[in-house]
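Q: Please pick one spot in this model and take a close look at it. After that, I'd like you to work outwards from there and tell me how the rest hangs together.

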Amino acid sequence: MKSMKIVLQEQLENLYMIGRLSAYELKKSYADNVLGSFWLLLNPLFQIGVYWIVFGLGVRGGRDVGDTPFVIWLICGLVPWFFISSSILQGSNSVYARLNSVSKMNFPLSVIPTYVIVAQAYTHLILVGILLLIVISSQGLSHLNVISLLYFMISSFCFLLSLSFITSTLSTMVRDIHLLIQTATRMLFYVTPILWLPSENAPQLLQDIFKLNPFYYVVEGYRDSLLTGGWGLIASPYTLVFWLIIVVMLFFGSAIHVKFRKQFVDYL
Amino acid sequence: MSYKVKFESVTKKYKMYNKQIDKLKDLLWNRGKGDYHYALNKISFEVEEGEIVGVIGLNGSGKSTLSNLIAGVTMPNEGSVDIKGTASLIAIGAGLNNQLTGLENIELKGLMMGLSKKEIEEITPKVIEFAEIGKFINQPVKTYSSGMKSRLGFAISVNIDPDILVIDEALSVGDQTFTNKCLAKMNEFKESGKTIFFISHSLSQVKSFCTKALWIHYGHVKEYGDIGKVANNYGQFLKEYNAMSKEERDKLREDQLKEFSHGLLQV
C-alpha cells in the first residue's frame, strides 16, 4: 500500500516532466527515418492491408460481420490492439533501455514506464481520430458512443500502465522476461478475438473464459462503442473484473518497483 | 563545522555470478552465500562545506562506486551515506541522448534533474555560452566530438547549480582551454560554499585545485586529509608502484587485502 502511494505520488508530482519526456520519446523514435513521423500511419496501414487480404478476403471470402463490412470491423479491433501491443513491448523494455541515460542522476524511475506509454497514447489518439472519420463516413453517427469510447481509451491506458510497472521491473532484472513477454504478446494477438469471431457454438465455459481476458474486454469495448453504441459491456460484471485486475497489478507492480529500483543500476 | 557529506562505514559489494541463473535464484531466495567483490569496504569520512576533495587511487580501487554513492545513483549494502542538499554527477557523456540535438538534450537533462520549465529557459543560454558548441547546438549529439560531448555535459551539470558536484574524470577529454574554464567555474563554486568531489588521474590537476584529498586503495580509505600531504604520499606510492613488476603488484594487492581483513577482525 505504501509503495503504491509512493509511485502514484511520483506520477502526480512529475506531470510536466512526463509530458515533455513523452514528446521527446515520440520524436526520438522516428528521428532517424527519412519519412519521419509518416511511419506512424504507414506501419498500421500495411498491417491492416495484410490482415484484410488474408482474413477478410481469404478466410471469410469478403463476408460482412453482422451489418458491418469486415474492414471496418477489423480496424475497430486492430487500432486498440496496436496500442496494446506497442505499449506492452515498449513498456516492458522501458526502464532497461533508458537506464543508461538516467543512471547518472537521481531521477524518479517510476516515471519512465508512464512517459513511454503516454508517448504510445499520442500515436493511438491520432489513429483513433482517423478511425472515427472512417467509421462515421461509412456507418454514420447513429451507432457511435463517444463517451463509452473515451471510457475504454482511459481504462486501457490505466491497464497498460499498471501492467508495465510489473513488466518493466521484472525485465530489467531478468532479461529473459522481456523475450517471454514478446512471445506472449504475439500469442495474445491470436487468443484475443481481433481477427476472428468467437463461434456461437463454442461451449459456454470457453466463451466465459475468453471474456475474462482483459484485452478482449478492451477490444470488444472499442468495437461496441464505435459500431453498436451500447452500454452492455460497461454495465457487465467484466468491468469489475477488469478494474480489479488493474488494482492488483498496480499494487504488485509498485511493490516490486519500489523494492528493486535501488538496485536497477547494479543489474545493468 | 557542519558536514555536507558523511559516509559511515559504507560497504558496497557486488556478487560475482558465474551463471545468469544464479542471479535469478538469488532474487527468489535471497541467499547470502557466494563470492563477493567488495568495491568499497567499510569506509567512513566526513566532508565539510566549501571543500574540494580530490579522490585519487589506482584503477579499480572504487572511485567511481564512491561517486555513484554520493550522487545517489546506487545504494550502499551496509552503512549510511548522508548527503545534505542535491548532488549532481558529471561523467563523460552521461545523460546525453545521441539522437537528439544539443538544445533538446539541455531541456531533457534539465527535466530529468527536476527543473521547472522556467528554470530550464533560464539556464539554456548560459549552457550554450559555456559549452562553446556554436552551430552544432542544433545538430544531433552523435555528430559531436568527444570533447564537445563532455563540454555540453559539464555545462549542463554546473548550470543546474547543485549543492554538491561530483566530477568523475569528465575533464580528461577536454583541451587545456576548456579545462581552465571548468577549473575557474569550480573555483566559483568553492567560493559560494559548495562541495566538490573531483575524481581524476591527473595528480597535478588535483594538487593545483583541491583542498583535501581522499586516497582510496582497494576499497579502503588509505589516507584522508590536506591535499599536500596525501598527494605527496600518493605520488610517492605511484612511483614505487610503476617500478614494480606484475608479480610484485599482485602480491601487494593480496597483502593489502589481507592486512585490511586483519584490521577488520581486530576491530
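A: Let's start in the loop between α4 (117–131) and α5 (146–159) of chain B, where E132(B) lies. One thing to keep in mind is that this is a predicted model, so everything below describes computed coordinates. What makes E132(B) worth a stop is its backbone: phi is positive, at about 50°, although the residue is not a glycine. Is E132(B) buried or exposed? Neither, quite: there are 15 C-beta neighbours inside 10 Å, so E132(B) counts as partly exposed. The reasoning is simple, because the buried class needs 20 or more such neighbours and the exposed class 12 or fewer.

Chain B has another residue of this kind. K42(B) isn't a glycine either, yet phi is positive there too, near 50°. The setting is a strand this time, with K42(B) placed in β2 (residues 36–48) of chain B. K42(B) has 19 other C-beta atoms within 10 Å and is partly exposed.

Now for the sheet, and for one strand in particular. β7 (residues 195–199) of chain B is mostly covered, with five of its five residues buried. In a regular strand, side chains alternate between the two faces of the sheet. Which residues of β7(B) go on which side? On one side you find T195(B), F197(B) and I199(B), and on the other I196(B) and F198(B). They are all buried, so both faces of β7(B) are covered.

Who are the neighbours? β3 (residues 52–56) of chain B runs parallel to β7(B), and four bridges join the two. β6 (residues 164–168) of chain B also runs parallel to β7(B), joined by five bridges. If you want a residue to centre your view on, try F197(B): this residue is the bridge partner of V53(B), and V166(B) has F197(B) as its bridge partner as well. Further along β7(B), I199(B) stands opposite D168(B).

Zoom out a little and the rest of the sheet appears. Six strands of chain B form an open sheet, in the order β5-β6-β7-β3-β8-β9, with mixed pairing. The edges belong to β5 and β9 (220–226) of chain B; each has a single partner strand, so one side of each is left without a neighbour in the sheet. From one strand to the next, the twist averages 15°.

Then look at what lies across those strands. Helix α2 (residues 63–70) of chain B lies across β3, β5, β6, β7 and β8 (212–217) of chain B, β7(B) being one of them. Its direction makes an angle of about 155° with β6(B). Helix α8 (residues 227–243) of chain B lies across β3, β8 and β9 of chain B, and runs at about 135° to β9(B).

How does chain B come out as a whole? Its secondary structure is nine helices and nine strands. The radius of gyration is 20 Å, close to the 18 Å that the globule rule gives for 267 residues, so chain B is as compact as a globular protein of that length. Along the principal axes, the C-alpha atoms fill a box of roughly 60 × 50 × 40 Å. Of the 267 residues of chain B, 37% count as buried. Taking contacts between residues at least 6 apart in sequence, 73% join residues at least 24 apart.

Finally, follow chain B to where it touches chain A. This contact takes 21 residues from chain B and 20 residues from chain A. On the chain B side, α1 (20–29), β5 (87–91) and α3 (102–112) each supply at least two residues. The largest share of that side, four residues, comes from α3(B). Sorted by class, the side of chain B that touches chain A has 14 nonpolar, five polar and two charged residues. Note that β5(B) turns up here as well as at an edge of the sheet.

And the partner? Chain A has 11 helices and zero strands. Its 268 residues have a radius of gyration of 19 Å, which agrees with the value near 18 Å for a compact globule. The C-alpha atoms of chain A fill a box of roughly 55 × 45 × 35 Å along the principal axes, and 38% of its 268 residues count as buried. Of the contacts in chain A with a separation of 6 or more, 81% come from residues 24 or more positions apart.

Terms used
Residues numbered from 1 in each chain as written. Chains lettered and ligands numbered in written order. Predicted model: local features only at pLDDT ≥ 70, side-chain atom pairs only at ≥ 80, totals over all residues. Contact = placed C-beta atoms within 7 Å. Nonpolar A, V, L, I, M, F, W, Y, C, P; charged D, E, K, R; others polar. Rg over C-alpha atoms; globule rule 2.2 N^0.38 Å. Pairing = 2+ DSSP bridges. Axes fitted to C-alpha atoms, helices over the stretch in contact; angles between N-to-C directions.
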